[in-house]
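Work through the two exercises below using the structure shown. Each task is followed by its solution in steps.

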Amino acid sequence: MTGGPILVTGAGGFVCSELVLALDRAGIPVIGTDRSFDAQTRARLHALPLIEAPLETAVIRIGPLGGVIHGAALTADPDSLGMTAADHLAANVGLLMQTLVAARAAGAGRFVFLSSMGVFAPDDGPVSGGRFTEATQPCGTIPYAAAKRAGEIITTAAADAGMATLSLRLGNITGPHEAVRDSRQHLCLIGRMLQEARSTAQITLSDPQASREWAWLPDLADAVAALMRATWPPCAVLHAGTPPVATHLDLAQ
């Protein structure tokens, strides 16, 4: 990694706010940027430099960078945002393109695009041990899935001798400080279970034997921070590990 701070986009969100803190814990200079930071997130990040502005404005204010972690995205579905599918795709891909151009201009030596296991459709293959891996061919077609897959392709193509690139597919994540935002209008399954248990003292399951992998966000964030200093693998897309699998019933219990 070259000199200069790491810029984290989407730093007001659940995952990327923790990435900012993890980079700081690792002794890596970091700047967080987002369209808005709620009071709780701003309080958690108060000791660190933040840029609160639309990304297209924020990138103009970027100085020399060591690297970029791009997590800014619309994860809510287009209908809930009052957008067409085409508008939703354009917004997500446009955010990535703006950030790639700004990163290269700022001398960033490394660029990480935060992708998602949401690129997959349920019947995608091949699978290994019942799990999707880097070898599984993604075929998800909803706007969010398509934008993430397009982002992986674009990020790979943007690499050159001056800037290495990597897409990191994140799966199911739980952790502290999760909250609903305009761009992410839902809680994870565990968050919804906790919310229901607190309000009704019970948890309702529609598919108790369904199983998922889960990552604990603070641990994942520390791993991503370490990745920014590590030798990168030759693959263009990397999965964020294969954490333990739990059924919905196990989680509820």
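**Exercise 1. Determine how many disulfides the model contains, and explain the count.**

Step 1. Apply the criterion: a disulfide is a pair of cysteine sulfur atoms within 2.5 Å.

Step 2. Under this rule the count is 0 disulfides.

Step 3. Check the distances. The cysteine sulfur closest to that of Cys139 belongs to Cys235, and because it is 19 Å away, it is too far for a bond. Cys235 is likewise in no disulfide.

Step 4. Assign exposure, where buried means under 20% relative accessible area, exposed over 50%, and partly exposed in between (1.4 Å probe, protein chains only). Cys139 is partly exposed at 45%, and Cys235 is partly exposed at 31%.

This is a predicted model: local features need pLDDT of at least 70, side-chain atom pairs count only at pLDDT 80 or more, and totals for chains, interfaces and linings use all residues. Residues are numbered from 1 along each chain as its sequence is written, and side-chain values use heavy atoms, without hydrogens and water.

**Exercise 2. Describe the largest nonpolar core and the elements that give residues to it.**

Step 1. A nonpolar core is a set of buried Ala, Val, Leu, Ile, Met, Phe, Trp, Tyr and Cys residues joined through side-chain atoms within 4.5 Å.

Step 2. The largest such core has 32 residues, and Val8, Leu19, Leu23, Ile69 and Leu114 have the most contacts inside it.

Step 3. Two or more residues each come from β1 (6–9), α1 (14–25), β5 (110–116), β6 (164–170) and α8 (217–227); helices (H or I, at least four residues) and strands (E, at least two) are DSSP runs, numbered from the N terminus. The most, 8 residues, come from α1.

Step 4. Another core, of 20 residues, lies apart from the largest one and includes Leu7, Ile31, Ile51 and Ala108.
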